[in-house]
Amino acid sequence: MRRAALALAALTCAAAGARAEQIGEVSTAFKLIGPNHKVVVEAFDDPKVQGVSCFVSRARKGGLSGALGVAEDTSDASIACRQTGPIRYLAPLEAGEQVFRKRTSLVFKTLQVVRFYDPARNTLIYLTYSDRLIDGSPKNAISAVVAAPWGAEPAPPPPEYRE
């Protein structure tokens, strides 16, 4: 029964993908018309790894184009992922699997977070980067989370991982 519930949770998470919750924002440039340029901080939980949360900061353009939703945000982003509870793998993991995606322009550009697993170090690695329809951006950032014990819980066994 418990395995069936975990499998259902994994399928639900995989289908839905990670959803971000805005934690806060700061204005970086005043705009006379429309909202100011900002840096936004968002959080999301890894949909296949219970007990891991990531925090992404990214630029968001303001002004008239930002207010209308047609501005293209810069490729600048930062990520910090942390173990926030006992780690449980809800489904098999794949190398470079997308765990988060956010549009940063009307059509052409997205901010993505992908996950890797390093079995030699028992570590999850999260990479954030921006891509464009025509060409990508080399700007990127990484964060690593060691799958460690949590309180009285032992460290989790290694996940099923496909490279």
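This report describes the fold, the disulfide, the largest pocket and the surroundings of one tryptophan in a predicted model.

**Overall architecture**

The protein contains two helices and ten strands, and read from the N terminus the order of these elements is α-β-β-β-α-β-β-β-β-β-β-β. Of its 163 residues, 36% are buried, while the surface that the protein exposes comes to about 9,400 Å², with 58% of that area supplied by carbon and sulfur atoms. When contacts between residues at least 6 apart in sequence are considered, 51% of them join residues at least 24 apart.

**The disulfide**

The structure holds one disulfide, formed by Cys-54 and Cys-81 with their sulfur atoms 2.1 Å apart. Because Cys-54 belongs to strand 3 (residues 49-60) and Cys-81 to strand 4, the pair ties together parts that are 27 residues apart in sequence. The torsion about the S-S bond of Cys-54 and Cys-81 is about 110°, and the disulfide is therefore right-handed. With a relative accessibility of 0%, Cys-54 counts as buried, since the cut-off for that class is under 20%, and Cys-81, at 1%, counts as buried as well. The table sets these two cysteines beside Trp-150, which is taken up further below.

| Residue | Relative accessible area | Class |
|---|---|---|
| Cys-54 | 0% | buried |
| Cys-81 | 1% | buried |
| Trp-150 | 37% | partly exposed |

**The largest pocket**

The largest pocket has a volume of about 190 Å³, and among the 13 residues that line it, those closest to its centre are Ile-87, Arg-88, Glu-153, Pro-156 and Pro-157. Sorted by class, the lining of this pocket consists of eleven nonpolar and two charged residues, with no polar residue. Strand 4, which spans residues 77-89, gives the most to the lining, contributing four residues; strand 4 is also the element in which Cys-81 of the disulfide lies.

**Trp-150 and its surroundings**

Trp-150 is placed in the loop between strand 9 (140-146) and strand 10 (161-162), and because its relative accessible area is 37%, the residue is classed as partly exposed, a class that runs between 20% and 50%. If neighbours within four places in sequence are left aside, Trp-150 is in contact with Gln-83, Thr-84, Gly-85 and Pro-86. The C-alpha atoms of Trp-150 and Ile-87 are 7.9 Å apart in space, although the two residues are 63 residues apart in sequence, and Ile-87 is itself one of the residues closest to the centre of the largest pocket.

Note on methods. Residues are numbered from 1 along each chain as its sequence is written. This is a predicted model: local features need pLDDT of at least 70, side-chain atom pairs count only at pLDDT 80 or more; totals for chains, interfaces and linings use all residues. Side-chain values use heavy atoms; hydrogens and water are left out. On a 1 Å grid over the protein atoms alone, a cavity is a set of points where a 1.4 Å probe fits but cannot get out, and a pocket is an open set with protein on both sides within 12 Å along at least five of seven lines; lining residues have an atom within 4 Å of a point. Grid points are joined across faces, edges and corners, and a volume is the space filled by probe spheres set on the points. Ala, Val, Leu, Ile, Met, Phe, Trp, Tyr, Cys and Pro count as nonpolar, Asp, Glu, Lys and Arg as charged, and the others, Gly among them, as polar. A disulfide is a pair of cysteine sulfur atoms within 2.5 Å. Buried means under 20% relative accessible area, exposed over 50%, partly exposed in between (1.4 Å probe, protein chains only). Contact means heavy atoms within 4.5 Å. Accessible areas come from the Shrake-Rupley method with a 1.4 Å probe; for residues, only the protein chains shown count as cover.
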